[in-house]
Amino acid sequence: MAENIKTIGVLTSGGDAPGMNAAIRAVVRTALADGLNVKGINRGYSGLLDEDIVEMNASSVSDIIQRGGTKLYTARCKEMMTPEGQDKAAEICKKHGIDGVVVIGGDGSFQGARTLAARGVNTIGVPGTIDLDISCTDYTIGFDTAVNTAMEAIDKVRDTSTSHERISIIEVMGRRAGYIALWCGIANGAEEILLPELDNYDEKKIIANILERKKAGKKHHIIINAEGIGSSYRMADRIEAATDIETRATIIGHIQRGGSPTAKDRVYASAMGAMAVDLLCAGKSNRVVAYKHGEFVDFDIEEALAMKKNLDPFLLSMSSKLSR
Ligand code: ADP
Ligand code: F6P
């Protein structure tokens, strides 16, 4: 165990994600089991800069593994993006005797972690975002719960859409990432999946496809729209006018970010939180925990941030064949 690690801090940053509580719990309990002190930093970097820091013990994380959201609250913090804010954050860690910080969040939060590591505070990132858009990892905390929540909501919309023989445009989260949309598109048997990564939105083609499918006897047309594509309400108005078929838009929204995490999110988040503490104890810093090719691994943060990830081409091509 690294001699210089006696107290670790843990924070959640950026958008919350179901399973973050399981990760916090794992960090706290693993650290305590290893004889370390743990401090919870409330409201991400914003709370760090405000010195909103609390001692944590085993019971601080009781009764949270099954809860969505994050017990430590989360925030977006502009000040942390300035060198002055980063200097101050590192000084506060040192003032509070925090030798290492576990940062649970997305790529933006890892950028913040990198700046702390550069100022001598050991940091480990744990990937937490419902968007699945962190390139170094095949799993991010919250995606599994969010995609299942969206899938169940879309099934319900489909029931009423079919009964009325309507077109439904259903907007899922993901301003810049289409993973929730692609997975729901496949899992819900959607006719169209609109993805921000493809940049190929073609309304005329969508309308032609709807009319062709209607002729072939289809009773509903489910269009899954990732948040980044454009207004689902205006799209619905235009498509209704062009097809003469009643069209409704549904925005699932923040329901996707909340709720009790799935077993996968609880277990993987626990493993990642525990691994982050193990890495700090092994004297590592500026690393991010990942799940790659069926294994929990870790990468240098710079290396992780430089990686690129594309939507799986096989999932894309097969989904378009299945939606006929
Ligand atoms: P996520 O972590 O989910 O990607 P954001 O991109 O909103 O979410 O980032 C969360 C927070 O991380 C920001 O509000 C900011 O405090 C910090 N952050 C983001 N980018 C940087 C950066 N380049 N340098 C330092 N801190 C950053
Ligand atoms: O990154 C998670 C996410 O829910 C995205 O899918 C979405 O685009 C964004 O956050 C919404 O953020 P806000 O918290 O500002 O509503």
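Analyst: A polar contact is a pair of N or O atoms within 3.5 Å. The model discussed here is predicted.

User: What makes the pair between Glu227 and ligand 2 a polar contact?

Analyst: A polar side-chain atom of Glu227 lies 2.8 Å from an oxygen atom of ligand 2. The cut-off is 3.5 Å, so the pair counts as a polar contact. Arg257 also has a polar side-chain atom 2.8 Å from an oxygen atom of ligand 2. For Gly174, a polar backbone atom is 3.1 Å from an oxygen atom of ligand 2. On its own, ligand 2 exposes 400 Å², and 79% of that is buried by the protein.

User: Why is Asp107 said to make a polar contact with ligand 1?

Analyst: A backbone N or O atom of Asp107 lies 3.4 Å from an oxygen atom of ligand 1. The limit is 3.5 Å, therefore this pair qualifies. A backbone N or O atom of Cys77 lies 2.6 Å from an oxygen atom of ligand 1, and a polar side-chain atom of Ser109 lies 2.5 Å from one.

User: How do you know that ligand 2 sits in the largest pocket?

Analyst: A molecule sits in a pocket if more than half of its atoms lie within 2 Å of the pocket's grid points. Ligand 2 is assigned to the largest pocket, so it meets that condition.

User: Which residues surround ligand 2, and how do they divide by class?

Analyst: The shell consists of Arg76, Ile130, Asp131, Met173, Gly174, Arg175, Glu227, His254 and Arg257. By class, 2 are nonpolar, 2 polar and 5 charged.

How values were computed:
Residues are numbered from 1 along each chain as its sequence is written. Chains are lettered from A and ligands numbered from 1 in the order in which they are written. This is a predicted model: local features need pLDDT of at least 70, side-chain atom pairs count only at pLDDT 80 or more; totals for chains, interfaces and linings use all residues. Side-chain values use heavy atoms; hydrogens and water are left out. A polar contact is a pair of N or O atoms within 3.5 Å; within protein, one must be able to donate a hydrogen and the other to accept it, and residues adjacent in sequence count only if both atoms are side-chain atoms. A residue is near a molecule or strand if one of its heavy atoms lies within 4 Å of it. Accessible areas come from the Shrake-Rupley method with a 1.4 Å probe; for residues, only the protein chains shown count as cover. On a 1 Å grid over the protein atoms alone, a cavity is a set of points where a 1.4 Å probe fits but cannot get out, and a pocket is an open set with protein on both sides within 12 Å along at least five of seven lines; lining residues have an atom within 4 Å of a point. Ala, Val, Leu, Ile, Met, Phe, Trp, Tyr, Cys and Pro count as nonpolar, Asp, Glu, Lys and Arg as charged, and the others, Gly among them, as polar.
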